[in-house]
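Please look over the following chain before reading on. The report below takes up its peptide geometry, a central strand, the nonpolar interior and a surface patch.

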Amino acid sequence: SHEHFAPLLRRTVATTLVPLAIMVSLSIVLVILWDRSPFLVAALFGPLVAFDLYQRSQLRALEAMSAALTDPVTGLGNRRRFDDRLSSEVPETGRDTPLSVCLLDVDGLKEINDHYGHPTGDRALRAVAARLGGSGEAFRLGGDEFALLLPGVEAAQARVLIELILIDIAREVGLETPVRVSGGIAAYPRDGTTPAGLVERADEALYESKRSARGRVQTRTAAEAELGVFSIVPNTPADRATRLRTALGL
């Protein structure tokens, strides 16, 4: 989940402290009662069974919550999880660090399903999900659309990273026809200061990428949206050298 260990440990301790205290208390009472009279131990069967049933109900609730936020094919977070995470990363008060929102779309998934079958299409989706999940917090929004959240990453760095991801995906899936993915990027606060605004900018860039330059990634700032233009990844030798240096830094 790309969480830091210390906050995760604190939250886990705070969550399990009360159940642990109850279990320790019951264990001490059991030891004392066993020394005095083994028959009194039966008096604790009721609380023990009730506590066990409570734990089971909590576990089922957590499993149901996890299933509601997880895509069953890829194991990534779904649209609801993406909206929740983006809202938490861009609260109403804003944030001090940059954030890049990347929307990606698998080109020609229908053709893959028609030609190779749906199991192969699902395998392609899982391969894309695995590559995205190794680079940031990834989500499957539905069908052939994915999203990637990159907290602390500027738009230029995100563009280099997504370019490398797209190359890897085209090479790693293992089909006769390479699987190509188009992408669109929006960065906070340059392209928007609200979750809806960032998603809208990234979606516009993704649409233009699929329309005019499939298998590439584009960005669209708020100023570019007003002018009706897009920013395509440059491809001169100097720009390629700059992107490689940025990639080495990443």
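In which loop does P189 lie? P189 lies in the loop between β4 and α7 (195–212), where helices (H or I, at least four residues) and strands (E, at least two) are DSSP runs numbered from the N terminus. This is a predicted model, in which local features need pLDDT of at least 70 and side-chain atom pairs count only at pLDDT 80 or more, while totals for chains, interfaces and linings use all residues. Residues are numbered from 1 along each chain as its sequence is written, and side-chain values use heavy atoms, with hydrogens and water left out.

The peptide bond that leads from Y188 into P189 is cis, with omega near 0°. In general, most peptide bonds are trans.

Strand β1 (residues 99–107) is mostly covered, since nine of its nine residues are buried, buried meaning under 20% relative accessible area and exposed over 50%, with partly exposed in between (1.4 Å probe, protein chains only). The cover extends to both faces of β1, with L99, V101, L103, D105 and D107 buried on one side and S100, C102, L104 and V106 buried on the other. Its pairings, for which DSSP must find at least two bridges between two strands, are set out here.

| Partner of β1 | Bridges | Direction | Example of opposite residues |
|---|---|---|---|
| β3 (residues 145–151) | seven | antiparallel | S100 and L150 |
| β4 (residues 180–188) | nine | antiparallel | V101 and A186 |

The largest nonpolar core (buried Ala, Val, Leu, Ile, Met, Phe, Trp, Tyr and Cys residues joined through side-chain atoms within 4.5 Å) has 26 residues, and those with the most contacts inside it are C102, L104, V106, L132, F146, L148 and I162. At least two residues of this core come from each of β1, α4 (109–116), α5 (118–133), β3, α6 (155–172) and β4, and the largest share, six residues, is supplied by α6. Leaving aside residues up to four places away in sequence, C102 touches F146, A147, L148, L150, A158, I162, G184 and I185, contact meaning heavy atoms within 4.5 Å. Another core, of 16 residues, lies apart from the largest one and has L103, L149, Y188 and V199 among its members.

On the surface, F5, L9, V13 and L17 form a nonpolar patch with about 410 Å² of accessible area together. Patches are made of residues with over 30% relative accessible area and no salt bridge, like charges being joined within 9 Å and nonpolar side chains (Val, Leu, Ile, Met, Phe, Trp, Tyr) within 5 Å; a salt bridge is a side-chain nitrogen of Lys or Arg within 4 Å of a carboxyl oxygen of Asp or Glu. F5 is placed in helix α1 (residues 5–36) and is exposed, with a relative accessible area of 61%.

Terms used:
Areas by Shrake-Rupley, 256 points an atom, 1.4 Å probe, with all protein chains shown as cover.
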